[in-house]
Amino acid sequence: QPPGPAAGAVQRPVVVAHRGASAYAPENTLPAVDKAAALGIGWVENDVQRTKDGELVVLHDDTLVRTTDAEQVFPDRAPWRVRDFTAAEIARLDAGSWFSPAFAGTRVPTLRQYLRRAERDGTRLLLEVKNPELYPGIERQILDVLDSEGWLDRRHLAGRLIVQSFSADSVRTVHALRPAVETAFLGSPATADLPRYAAFADAVNPQAGSLSAAYVAAVHALTGPHGRPLKVFTWTVDNPSVARTAAGYGVDGIISNKPDVVSEALDAA
Ligand code: G3P
Ligand code: CA
C-alpha cells in the first residue's frame, strides 16, 4: 500500500490543455489534441457548437472569422456565424493558417472526429457546451454522440469525461439527461448560492482572477450529485507563479494554454 499524501499536504492539481495545447497548435483542432498528448498532458478542453445542418463541431467563437479563412472562402456570407454554415462548408475551411503556416490545411473537427482523436491519444476530455442558448437541444445531441463513440461507458465515466458550461441551465440539462456524467459549472457563484449548484454539478470552475483559498474551501465543503466533494478547475492559467498560487489554494485542476509550463511549475513547487 503506497503512502498517501501527508496530513495537510495539497494534492497536485491535474493540468488541462485549454482548447488543446493551444499555445503550440491551432486551438480546438486535432493537432492541438496531439500536441497535448505529446507533452504528456492527460486532459484536453474543447468547445462544442452546431452547424446549420445539425452537425456538432469543435470551435470556440460563434463566428468563423478569427480561427478560419471563411471570409476568403465565402466572402458574401457575413457575419460568418457557425450556425449559418453547413458541416460540408465548414469542412472546406482552413483552421490552421491563421495560427501558423505550419498548420495550413488543418480542418475544424467534428465532435466525433475529436472524440476519436482524444481516444487514440489517450487524453481525457473536459467538454464545454459553448453558447447553448443558440442551439436548443444540443445537450441531448452531445450525449448521443458521446454515447455512440463509447464515451459514456463505465471506463469513460470513471474520470475520463467532464461536461461543463457557463450556462447553469445547460449543465442542469446534461445532469438530468445522463446523471452518471460528471459535470461542471463555469463561473464563480456567490458562496451562499453554491449549494444550488451542488445539486447538478460535480465541479465549479472559476476564472483564476476570482479565486481565493476561502472560495476553494467553500466549494470543497459541498457534496456533489455523485456523493463526492465538489471540485474546482480554474482557468486560464499560463503563468507559473499564478499556477503555484492556485495549487496552494487546493484547486483540483488548472486549465492552461501552456500546460507544459504549468506542469513544470507544479512539479518544481
Ligand atoms: O474551460 C474554461 C474556459 O475554456 C472558459 O472560457 O472562453 O476559453 O471557453 P473560454
Ligand atoms: Ca472553453
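Are the residues on the two faces of strand E1 (residues 14–17) buried or exposed? Val-14 and Val-16 on one side, and Val-15 and Ala-17 on the other, are all buried (20 or more other C-beta atoms within 10 Å of a residue's own, C-beta atoms being placed from the backbone). This is a predicted model, in which local features need pLDDT of at least 70, side-chain atom pairs count only at pLDDT 80 or more, and totals for chains, interfaces and linings use all residues. Residues are numbered from 1 along each chain as its sequence is written, while chains are lettered from A and ligands numbered from 1 in the order in which they are written.

**Strand pairing**
- E1 runs parallel to strand E9 (residues 253–256), joined by four bridges; strands are DSSP runs of at least two residues, numbered from the N terminus, and they pair if DSSP finds at least two bridges between them.
- Strand E2 (residues 43–50) is also parallel to E1, with two bridges.
- Ala-17 has Ser-256 as its bridge partner in E9 and stands opposite Val-44 in E2.

**Nonpolar core**
- The largest nonpolar core (buried Ala, Val, Leu, Ile, Met, Phe, Trp, Tyr and Cys residues joined through C-beta atoms within 7 Å) has 72 residues, and Val-16, Val-204 and Ile-254 have the most contacts inside it.
- Helix H1 (residues 30–38) gives the most to this core, with five residues; helices are DSSP runs (H or I) of at least four residues.

**Ligand 1**
- Among the residues surrounding ligand 1 are His-18, Glu-45, Asp-47 and Trp-235, each with its C-beta atom, placed from the backbone, within 6 Å of the ligand.

Terms used: Buried ≥ 20, exposed ≤ 12 C-beta atoms within 10 Å, placed from the backbone.
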